[in-house]
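User: Please walk me through this protein with some questions and answers. I am new to reading structures.

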Amino acid sequence: MSLNKEGYRQSRAKCWLAFALSLAYAIIAIFRFDSSTLPPPPPPPRVAKGDAASHGRKRRATFVPFPHRALPSGEGAQCRWVAGEMARPEFDAIQNASYAEGMCRYNDSSSPPLHVFSTAEAIECLSPTAQGLNVSVVISGDSYTRQLFVGLADVLLGRPSNEEIRNQTFRLETVEQSNDELASRHRNDPSFPNVQFPTECFWICYGSGPPTNPFSVKCSRCINEFTRRSDHSVAVVGAGVHVLGAAKKRLDVNFKPEEAVEGDVAMKAVDMAVGDIESFLGLAHHTTYVSMCSYQTEKVPLPYRNATHNSAAGVIYEGLLPYLAPRNESHPFIDVFQLTRACHMDNCSYDGGHRSRYVNRWKAQLLLNTLCDVG
């Protein structure tokens, strides 16, 4: 019995000795470890510019001088609306609103992905101080372009508002309020972007007017007063439906906007409108043109719901494409026709033409992708 106990103790002692020696060798190996013997770590995954993951990295937003960046237009600008993505901590309020409420992504996979600008990135791109350039932006035109201005103000001021603009009175109030707030920020901090909807051109570039003073002449004169001040001044102008109305008025002095114009008279009016806008492009300095929208006809108020009101928008749009970027890169272009045509959700528009705040902010994102580069 005693021999067995003694053998057991000796066996256990040998086990402990073996364990201690193994532990000692392991500790020595750790201190002698040479990391250079390991294979190199795999490279980080490549992130396409514009992808959601790219927003987490600090990158410089750079202003692109005239004629800026050419985005797709026509069939190349056809897109699909996506929404409902969860908020991410690396995004700011504007970016999270875009991913949650909706953005229109190009159908053509070969098109460059659009970057979703944060407020900080938009400010940096258009800041005279950050760019070391006398950058300024003036926006003018019809009611659809006024709402584009409100969308850009939403981005620059960091206000992802959902308060809808349901009538002209509130639209004018919102434009005026946005104008005042942007001007105040720039006045108090010159590094803040100088972006305005100038009162001097407010109605001049609306598109309507007497036949003796066409849109091309009067609007280009007003806009050039701003863009001639600096090589880095930018004008953004959109007018179409009222230019068409003025053309119809030239053909028939008794014409009323809610009336349908049929046949040869309608096509002649469309040709006149396209010609007037084409002339404007040649006269206006450093100007980016914004297309007409596509209408949700079923929502257009009955007095204005006629075939020519909707179809003429598409005819004017198609007629202008050869004169605008990317086909003609000397005339930068924001194609909102395709993104509004693709927006079928119930909250896209309240009247078939004027769009919701999130749609107008996406128009502003297209403008920022035209004026800016992030990398």
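Analyst: First, a term. A helix axis is a line fitted to C-alpha atoms, and the angle between two axes runs from 0 to 180 degrees between their N-to-C directions. Keep in mind that this model is predicted.

User: At what angle do helix α2 and helix α12 pack?

Analyst: Two packed helices are described by the angle between their axes and the distance between the axes. Here α2 covers residues 93-101 and α12 covers residues 357-371. Their axes lie 10 Å apart. The angle is about 115 degrees.

User: Which residues of α12 does α2 meet, and what is the hand of the crossing?

Analyst: α2 passes α12 in a left-handed crossing. From α2 come Ile94, Ser98 and Glu101. The residues of this contact divide into two nonpolar, two polar and two charged. On the α12 side, the partners are Tyr358, Arg361 and Gln365.

User: How many helices and strands does the protein have, and what share of its residues is buried?

Analyst: The count is twelve helices and nine strands. The protein has 375 residues. Buried ones make up 49%.

User: Which strands are the edges of the five-stranded open sheet?

Analyst: The order is β5-β4-β6-β7-β8, with parallel pairing. An edge strand pairs on one side only. That fits residues 195-196 and residues 333-334, which are β5 and β8.

User: Which residue in β8 is the bridge partner of Tyr289?

Analyst: Strands of a sheet pair through backbone hydrogen bonds, either parallel or antiparallel. Strand β7 spans residues 287-290 and pairs with β8 in the parallel sense, over two bridges. The partner of Tyr289 is Phe333.

User: Which side chains of strand β2 are buried?

Analyst: In a regular strand the side chains alternate between the two faces of the sheet. Strand β2, residues 79-82, shows this alternation. Arg80 and Val82 point to one face and are not buried. Pointing to the other face are the buried ones, Cys79 and Trp81.

User: What is the bridge partner of Cys79 in β3?

Analyst: β2 pairs with strand β3, residues 103-106. The sense is antiparallel, over four bridges. The partner of Cys79 is Tyr106.

User: Is Gln338 buried or exposed?

Analyst: Gln338 sits in helix α11, residues 337-341. Beyond its neighbours within four places in sequence, its contacts include Gly74, Cys79 and Tyr317. Its relative accessible area is 4%, and the cut-off is under 20%, so Gln338 counts as buried.

Definitions and conventions
Residues are numbered from 1 along each chain as its sequence is written. This is a predicted model: local features need pLDDT of at least 70, side-chain atom pairs count only at pLDDT 80 or more; totals for chains, interfaces and linings use all residues. Side-chain values use heavy atoms; hydrogens and water are left out. A crossing is left-handed if the near helix is turned anticlockwise from the far one by less than a right angle, and right-handed if clockwise. Contact means heavy atoms within 4.5 Å. Ala, Val, Leu, Ile, Met, Phe, Trp, Tyr, Cys and Pro count as nonpolar, Asp, Glu, Lys and Arg as charged, and the others, Gly among them, as polar. Buried means under 20% relative accessible area, exposed over 50%, partly exposed in between (1.4 Å probe, protein chains only). Two strands pair if DSSP finds at least two bridges between them.
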